[in-house]
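The following exercises concern charged pairs, sequence separation and backbone geometry. Please attempt each task before reading its solution.

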Amino acid sequence: QLQLVESGGGLVQAGGSLRLSCAASGTFKFYNMAWFRQAPGKERDFVAAIAWNGDSTLYADSVKGRFTISRDNAKNADYLQMNSLKPGDTAVYYCEAGGWGLESSGYGWWGQGTQVTVST
């Protein structure tokens, strides 16, 4: 059983950076983690994933080279560093756990989300 709480969202100008955090309770270190995002009126899209031991990462093409996912199992947390933000990155960002791949339905746990808004 996991509980996930996202933080770090906010309003930023295009070209700026934000770092999202996902704090977890439970046996965090055994789970692959991921970030998804959902813009108004759109489906939830995959952003990035990291394996339970940090050895493998996966990124959506739209964020490759700009976003970096990482984790600290000692702190029960994972992170999404977002650089060179674009207005198209505006969405609610969700931390998810317990799956792998590009489909949100493949993950067993998720948080309530944090809003990221990128202005022009």
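The model is predicted, and it holds 4 salt bridges.

**Exercise 1.** Determine which parts of the chain the salt bridge between R37 and D89 links, and state whether these two residues are buried or exposed.

*Solution.* Step 1: the side chains of R37 and D89 meet at 2.9 Å, N to O. Step 2: R37 belongs to strand 4 (residues 33–38), whereas D89 sits in the loop between strand 8 (77–82) and strand 9 (91–97). Step 3: the two residues are 52 residues apart, so the pair links distant parts of the chain. Step 4: both R37 and D89 are buried. Step 5: a network of salt bridges joins R37, R66 and D89.

**Exercise 2.** Locate E96 and R44 in the chain, and classify the accessibility of E96 and of R44.

*Solution.* Step 1: a salt bridge with an N to O distance of 2.9 Å is formed by the side chains of E96 and R44. Step 2: E96 lies in strand 9 and R44 in strand 5 (residues 44–50), with their positions 52 residues apart in the count. Step 3: E96 has a relative accessible area of 0% and is therefore buried, the cut-off being under 20%. Step 4: R44, at 25%, is partly exposed.

**Exercise 3.** Find the salt-bridge partner of D61 and classify D61 by its accessibility.

*Solution.* Step 1: the partner is K64, and the closest N and O atoms are 3.2 Å apart. Step 2: D61 has a relative accessibility of 66%. Step 3: exposed means over 50%, so D61 counts as exposed.

**Exercise 4.** Establish which residues A14 contacts beyond its neighbours within four places in sequence.

*Solution.* Step 1: A14 is placed in the loop between strand 2 (10–13) and strand 3 (18–25). Step 2: its contacts, with those neighbours set aside, are L85, P87, V118, S119 and T120. Step 3: for T120, the separation from A14 is 106 residues in sequence but 5.4 Å in space, C-alpha to C-alpha. Step 4: A14 is partly exposed, since its relative accessibility is 42%.

**Exercise 5.** Describe the phi angle and the setting of N76 and of S84.

*Solution.* Step 1: N76 is not a glycine, yet its phi is positive, at about 55°. Step 2: N76 is found in the loop between strand 7 (67–72) and strand 8, and at 22% relative accessibility it is partly exposed. Step 3: S84, also a residue other than glycine, has a positive phi near 50°. Step 4: S84 occupies the loop between strand 8 and strand 9 and, with a relative accessible area of 40%, is partly exposed.

Note on methods
Residues numbered from 1 in each chain as written. Predicted model: local features only at pLDDT ≥ 70, side-chain atom pairs only at ≥ 80, totals over all residues. Heavy atoms only, no water. Helix = DSSP H or I, 4+ residues; strand = E, 2+ residues; numbered from the N terminus. Buried < 20%, exposed > 50% of the residue type's maximum accessible area, 1.4 Å probe, protein only. Contact = heavy atoms within 4.5 Å.
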